[in-house]
Amino acid sequence: MKYTLITGASQGMGLEMARECASLGRNVLLISLPKENLNNLCENLRDEFNIQTDFYEIDLTGGKSAEEIFKWVKKNNYSIDFLINNAGFGGVGPFEDYTLAYVEKMIDLNIKATTRMTHFFIPELKKNSPSFILNNASMIANFPCPYKSVYAASKVYVKYFTEALRIELMSFGISVSLLQPGATPTNEIVKNQIKKGGFLARVSVTETHEVAKKAVRNTLKGRPVIIPGWKNRMSLRFLKILPYSLLQIVILRSYKSMQKN
Ligand SMILES: NC(=O)c1ccc[n+]([C@@H]2O[C@H](COP(=O)([O-])OP(=O)(O)OC[C@H]3O[C@@H](n4cnc5c(N)ncnc54)[C@H](OP(=O)(O)O)[C@@H]3O)[C@@H](O)[C@H]2O)c1
């Protein structure tokens, strides 16, 4: 039986993508930190959509986490034909104010976990092709972002990694898609950032279920890049034609206003 494996599935976009997959009749495996109610979420999805579900609780920043997940999948004979690398986090603030431990954790989750999960599951996805990988980056991956420097840089990694893999894996029947959401009110921290944010943050807001729906459906259609929300697509086009000096001012203003409030 085929399954979609989703990281960061206890809440936010990950949970909404699990619901979207389930609504399409896809079986789902949910991965998240321990004690985040994954058992109940699985039961609810099973009852509501009549699909198969299971979960695995683990901190994805651990060096062996992807390997552990892979072994658990194999032990249970789950066949994966869709991998969603969604788990990630980022804060707002001057780089020098963050502890190195915090920054390293961000790199471990946003970059290393995505890389490791993909590496472990490619053979499985090849075996079960046609299959899919969806990597969650951000609109932020298109610009340098002061006060979100490491987060934005980590998402640039995800963007280029995904776009390159798409070409490598095409001939194996694996379609690789890049998700670039704008501001999405998933949790209280993000909602607060949107409220305090400048033009860029506010103009790009798209509801979480809408982002999830676009992400899952367009990945299954084989789309290379998914930017949910017409306002995001328009603002991206606009920002891309701005001269670099003007772009710096717009971006700096937007993130400074988030900082000040
Ligand atoms: N929200 C936005 O505005 C926005 C915009 C662009 C891109 N994104 C990206 O979209 C993705 C999802 O964001 P979101 O806003 O939906 O986040 P969220 O609501 O905070 O959910 C994050 C998910 O990742 C899990 N997670 C966090 N740290 C983990 C770890 N060390 N090990 C395992 N699981 C972990 C969380 O589990 P717990 O519940 O256990 O903490 C949760 O399930 C991220 O990659 C983010 O960078 C978000």
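Visitor: How do β5 and β6 pair, and over how many bridges?

Guide: In this predicted model, strand β5, which covers residues 131–136, pairs with β6 in the parallel sense, and six bridges join the two. The chain gets from β5 to β6 by way of helix α5, residues 149–169, and this β-α-β crossover is right-handed.

Visitor: Which residue of β6 stands opposite Leu134?

Guide: Leu134 has Ser177 of β6 opposite it, and, in another pairing between these strands, Ser131 stands opposite Ile174.

Visitor: Is β6 mostly covered or hardly covered?

Guide: Strand β6, residues 174–179, is mostly covered, since six of its six residues are buried. In a regular strand the side chains alternate between the two faces of the sheet. For β6, one side carries Ile174, Val176 and Leu178 while the other carries Ser175, Ser177 and Leu179, and all of these residues are buried, so both faces are covered.

Visitor: And what about β5, which residues sit on its two faces?

Guide: Strand β5 is mostly covered too, with six of its six residues buried. Ser131, Ile133 and Asn135 lie on one side and Phe132, Leu134 and Asn136 on the other, and with all of them buried, both faces of β5 are covered.

Visitor: What does β4 do with β5?

Guide: Strand β4, residues 79–85, pairs with β5 in the parallel sense over four bridges, and Asn85 stands opposite Asn135 in β5. Between β4 and β5 the chain passes through helix α4, residues 100–127, in a β-α-β crossover that is right-handed.

Visitor: Which strand does β6 meet at residues 225–226?

Guide: That is strand β7, which runs parallel to β6 and is joined to it by two bridges. Leu178 stands opposite Val225 in β7, and Leu179 has Ile226 as its bridge partner there.

Visitor: In what order do the seven strands come in the sheet?

Guide: The order is β3-β2-β1-β4-β5-β6-β7, and the seven strands form an open sheet in which the pairing is parallel. The edge strands are β3 and β7, each of which pairs on one side only. As background, strands of a sheet pair through backbone hydrogen bonds, either parallel or antiparallel.

Visitor: Stepping back, how many helices and strands are in the chain?

Guide: The chain has ten helices and seven strands. Its radius of gyration is 18 Å, close to the 18 Å that the globule rule gives for 261 residues, so the chain is as compact as a globular protein of that length. Along its principal axes the C-alpha trace spans about 55 × 40 × 35 Å, and 41% of the 261 residues count as buried.

Visitor: New topic: which residues come nearest to the ligand?

Guide: Of the 27 residues around the ligand, the ones that come nearest are Gly8, Gly12, Leu33, Gly88 and Thr186. Sorted by class, the shell has ten nonpolar, 15 polar and two charged residues. Helix α1, residues 12–23, gives the most to this shell, with three residues.

Visitor: Why does Glu16 count as buried or exposed?

Guide: Glu16, which lies in helix α1, has 23 C-beta neighbours inside 10 Å, and because the cut-off for a buried residue is 20 or more, Glu16 counts as buried. From Glu16 to Lys196 the C-alpha separation is 25 Å, with their positions 180 residues apart in sequence.

Visitor: And where is Gly62?

Guide: Gly62 sits in the loop between β3 (53–57) and α3 (65–75). Gly62 has 14 C-beta neighbours inside 10 Å, so this residue counts as partly exposed. The C-alpha atoms of Gly62 and Ile227 are separated by 30 Å, and these two residues are 165 residues apart along the chain.

Visitor: Last one: how far apart are the end C-alpha atoms of helix α9, and what should the span be?

Guide: Helix α9, residues 230–241, has twelve residues, which at 1.5 Å a residue should span 16 Å, and its end C-alpha atoms are 17 Å apart, which agrees. This helix is hardly covered, for the count of buried residues among its twelve is one.

Key
Residues are numbered from 1 along each chain as its sequence is written. This is a predicted model: local features need pLDDT of at least 70, side-chain atom pairs count only at pLDDT 80 or more; totals for chains, interfaces and linings use all residues. A residue is near a molecule or strand if its C-beta atom, placed from the backbone, lies within 6 Å of it. Ala, Val, Leu, Ile, Met, Phe, Trp, Tyr, Cys and Pro count as nonpolar, Asp, Glu, Lys and Arg as charged, and the others, Gly among them, as polar. Two strands pair if DSSP finds at least two bridges between them. A crossover is right-handed if, with the strands pointing away from the viewer, the path from the first strand over the helix to the second runs clockwise. The expected span of a helix is 1.5 Å times one less than its number of residues. The radius of gyration is taken over C-alpha atoms; the globule rule is 2.2 Å times the number of residues to the power 0.38.
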